[in-house]
Amino acid sequence: MEANTPVPAATLAEQQRYYRARAAEYDEWFLRRGRYDHGPELNARWHAEVGQVQDALARAALTGDVLELACGTGWWTERLAATAGHLTALDAAPETIAINRARLEAAGLADRVAFAEADLFAWRPDRAYDAVFFGFWLSHVPDDRLDAFLGAVGAALRPGGTVFWVDSLRNESGTAPDQPLPGPGDPLTQRRLNDGRTFRIVKRFRGRDELVDAFGRSGIDLTVTATPTYFQIGTGQRR
Ligand SMILES: C[S@@+](CC[C@H](N)C(=O)[O-])C[C@H]1O[C@@H](n2cnc3c(N)ncnc32)[C@H](O)[C@@H]1O
């Protein structure tokens, strides 16, 4: 499939079902456990680069009224809640929101967060925020939905507001060995759960120039950086 071929709504629904079913095992990927354990050296590299992303997020200092899109199980929600005056956290999966809420309650931060279920392919912002964050979401937005999604992000930011996102660089050891990466340019990939069930989802790796152009079309001046192996980071300001 070509990168810009429209992705059917049924595939986006399958992507939602995948993340609902994966909620309880999601953190294994981020913590390099189970199928995602690549041995001490690569695991240490991963965790060091997560630290670099966290340092970049701390430097961006997302304060005030902050919005997190596709919040998932809450690794980033916990960090955002520590600096935000108020955090709104959206996700399509009630299962991930439940895990996220429990994490924030354990950290004593739940009273700063308003969780809500939302399908980001239909979502429009209710107001303009000081900052918008999304982790490992942009690569799940197909090309034919990118401008609509980024238009909504632009509308969710006040002039001068900050966007910060992190996503995957294309690297075999970023995922599990039983989940080969999509071919270059192919927007779809197959994911597998621990119980063997498989799902087709969107995973679109994009280069810096393509991303800067796309955000620019939505009124956001974007800078893209990367850690050495695993992560791409975008920071930008609404014009
Ligand atoms: C790769 S996870 C990232 C989670 C979290 N941001 C993190 O970095 O840990 C993608 C998230 O997108 C959510 N998601 C999938 N389809 C969605 C949709 N259409 N609208 C909103 N969220 C969706 C999933 O439930 C999942 O929590």
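**Note on the predicted model: sheet, helix packing and ligand shell**

1. A hairpin of 4 residues links β8 to β9. The model is a predicted one. Strand β8 covers residues 220-226, and β9 covers residues 231-238. The two strands pair in the antiparallel sense, over 7 bridges.

2. Two bridges fix the register of this pair for anyone checking it by eye. Thr223 has Thr235 in β9 as its bridge partner. Thr225 has Ile233 of β9 as its bridge partner. In a regular strand, side chains point alternately to one face of the sheet and the other.

3. The hairpin belongs to an open sheet of 7 strands, ordered β3-β2-β1-β4-β5-β9-β8, with mixed pairing. The edges are β3 (113-117) and β8; each has a single partner strand, so one side of each is left without a neighbour in the sheet. From one strand to the next, the twist averages 15°.

4. Helix α5 packs on this sheet, where it touches β2 (86-91) and β3. The direction of α5 makes about 170° with that of β3. Angles over 145 degrees count as roughly antiparallel, so α5 and β3 may be described in that way.

5. Helix packing is treated next, for two pairs. The description of two packed helices rests on the angle between their axes and the distance between those axes.

6. Helix α5 (residues 94-106) also packs with α4, at an angle of about 45° and with the axes 9 Å apart. The two helices are therefore oblique to each other, and the crossing of α4 and α5 is right-handed. On the α4 side the contact is made by Thr77, Glu78 and Ala81, and on the α5 side by Asn100, Arg103 and Leu104. Sorted by class, the contact of α4 with α5 has 2 nonpolar, 2 polar and 2 charged residues.

7. The other pair is α6 (residues 143-155) with α7 (residues 208-217), which pack at about 50° with their axes 8 Å apart. Helices α6 and α7 are therefore oblique to each other; α6 passes α7 in a right-handed crossing. Leu146, Asp147 and Leu150 of α6 meet Ala214, Phe215 and Arg217 of α7. The residues of this contact divide into 4 nonpolar, no polar and 2 charged.

8. Which residues come nearest to the ligand? Among the 22 residues around the ligand, these are Tyr19, Gly72, Ala92, Ala93 and Gly135. Two elements, α1 (9-22) and α4 (75-83), give two or more residues to the shell. The largest share, 4 residues, comes from α1. Helix α4 thus appears in two settings: in the shell around the ligand and in the packing with α5.

9. By class, what makes up the shell around the ligand? The shell has 13 nonpolar, 7 polar and 2 charged residues. For reference when reading the two helix contacts, the contact of α6 with α7 has no polar residues, while the contact of α4 with α5 has 2.

Notes:
Residues numbered from 1 in each chain as written. Predicted model: local features only at pLDDT ≥ 70, side-chain atom pairs only at ≥ 80, totals over all residues. Near = placed C-beta within 6 Å. Nonpolar A, V, L, I, M, F, W, Y, C, P; charged D, E, K, R; others polar. Axes fitted to C-alpha atoms, helices over the stretch in contact; angles between N-to-C directions. Parallel < 35°, antiparallel > 145°, perpendicular 65-115°, else oblique. Left-handed = near helix turned anticlockwise from the far one by under 90°. Contact = placed C-beta atoms within 7 Å. Pairing = 2+ DSSP bridges.
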